[in-house]
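The following exercises are intended for a reader meeting this structure for the first time. Please examine the sequence and the structure, and attempt each task before reading its solution.

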Amino acid sequence: MSSVKVECVVKEHLKIGESPLWEEKENSLLFVDITGKKVYKWNTLTKEIHSISVDAPVSLVALRKSGDYIITQGTQFAALNWKTKSVSAIIQVDKEKPNNRFNDGKVDPAGRLFAGTMAEEIRPAVLEREQGSLYTLLPDHSIVKHFDKVDISNGLDWSLDHRTFFYIDSLSYSVDAFDYDLHTGTISNRRGMYKMEKEDAIPDGMCIDREGKLWVACYSGGRVIRLDPETGKRIQIVKLPVDTTTSCSFGGSDYSELYVTSACQGKDEPGLAGSIFKITGLGVKGIPPHSYVG
Ligand code: BGC
Ligand code: CA
């Protein structure tokens, strides 16, 4: 029996820490501070931490096949060159909604980047509703809009056979599933997969493990939960020392460590809120992140 251990590995006061991303060739964890407008790279061997400031809220960082990274800033997809610290715009969405910004996103197994939007918040999880949409950035830099009327577009991932897309609109308090066509990148047949328990609070970021189970970070819930998409049941809870857990993804040399981001927005005395945590001893591994092919 392995025993689960939770450690604070990067003590920061990120306003909204998000988008943990393992980059194997650098032994590094990347993450962002959305409203802090920074992208971070933390080398887990040397413990060095570097960051780049950008001009607008940055909600995600993703790997790019040609090297370097893709980020979202404001309502824009953009390319980030780490060496020169330069950001170049790719394309903008939600042009008619100046109060919107991108939120969570991830690259699909075919190298397309999915990301959704939301209205800026008045305070955590309080915002004008139904302003967001879910988009894909295709390899040729064109955009597909899948649907609108989203409150807070959040966690997403694909089943191991690539035939199901899992998606969270946070204020629906539900983890949904769609049929996925990897060939075309289209989604269909939306249905609820898991309804949050009251103590789970708000579903936020999510990732899949090598057994096809989902890990969901629960904002205001101070935990990550493991869900079985076959049965729609919660099968494990791991509690964190802060309640504002925002997202999770596997990393480490063999993807056996689950990294969890958190936020300190709206807190007078943040303590460890806004730090990065590492969970080990879960007895299950994750899968490497995909790279955007455009
Ligand atoms: C958003 C935050 C929001 C939180 C809780 C995060 O993904 O970026 O702004 O407060 O979800 O729903
Ligand atoms: Ca999120």
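## Exercise 1: Ligand 1 and its surroundings

In this predicted model, an oxygen atom of ligand 1 has a polar side-chain atom of glutamine 265 at 3.1 Å.

**Task.** Determine which residues are closest to ligand 1, and state how much of its accessible area the protein covers.

**Solution.**

1. Begin with the shell: ligand 1 is surrounded by 15 residues, of which Arg101, Asn103, Glu121, Asn154 and Asp204 are the closest.
2. Examine the side chains next. The side chain of asparagine 103 places an N or O atom 2.7 Å from an oxygen atom of ligand 1. For the side chain of glutamate 121, the corresponding distance to an oxygen atom of the ligand is 2.4 Å.
3. Then consider coverage: on its own, ligand 1 has 310 Å² of accessible area, and the protein covers 100% of it.
4. Locate the space: ligand 1 occupies the second largest cavity.
5. Finally, turn to the strands: at least two residues of the shell come from each of β10 (100-107) and β20.

## Exercise 2: The calcium ion

**Task.** Identify the protein donors of the calcium ion (ligand 2), and decide whether asparagine 154 is buried or exposed.

**Solution.**

1. The protein donors are Glu18 (OE), Glu18 (OE), Asn154 (OD1) and Asp204 (OD), at 2.2 to 2.9 Å from the calcium ion.
2. Along the sequence, the donor residues follow the spacing E-x135-N-x49-D. Asparagine 154 belongs to strand β16 (residues 153-158) and aspartate 204 to strand β20 (residues 202-208); this pair, 50 residues apart, links distant parts of the chain.
3. Buried means under 20% relative accessible area. Asparagine 154 has 3% relative accessibility and therefore counts as buried. Aspartate 204 has a relative accessible area of 6%, so this residue is buried as well.
4. Both residues also appear in Exercise 1, where Asn154 and Asp204 are among the closest to ligand 1.

## Exercise 3: Two loop residues

**Task.** Classify serine 159 and proline 270 as buried, partly exposed or exposed.

**Solution.**

1. Serine 159 is found in the loop between β16 and β17 (164-169). Its relative accessible area is 10%, so serine 159 is buried. A polar contact of 2.6 Å connects its side chain with that of aspartate 161.
2. Proline 270 is found in the loop between β25 (257-262) and β26 (276-280). With a relative accessible area of 21%, proline 270 is partly exposed.
3. Proline 270 and histidine 13 are 257 residues apart along the chain, and their C-alpha atoms are 7.3 Å apart.

Technical notes:
Residues numbered from 1 in each chain as written. Chains lettered and ligands numbered in written order. Predicted model: local features only at pLDDT ≥ 70, side-chain atom pairs only at ≥ 80, totals over all residues. Heavy atoms only, no water. Donors = N, O, S within 2.8 Å, 3.2 Å for Na, K, Ca; no water. Helix = DSSP H or I, 4+ residues; strand = E, 2+ residues; numbered from the N terminus. Buried < 20%, exposed > 50% of the residue type's maximum accessible area, 1.4 Å probe, protein only. Near = heavy atom within 4 Å. Polar contact = N/O pair within 3.5 Å; in protein donor to acceptor, adjacent residues only side chain to side chain. Areas by Shrake-Rupley, 256 points an atom, 1.4 Å probe, with all protein chains shown as cover.
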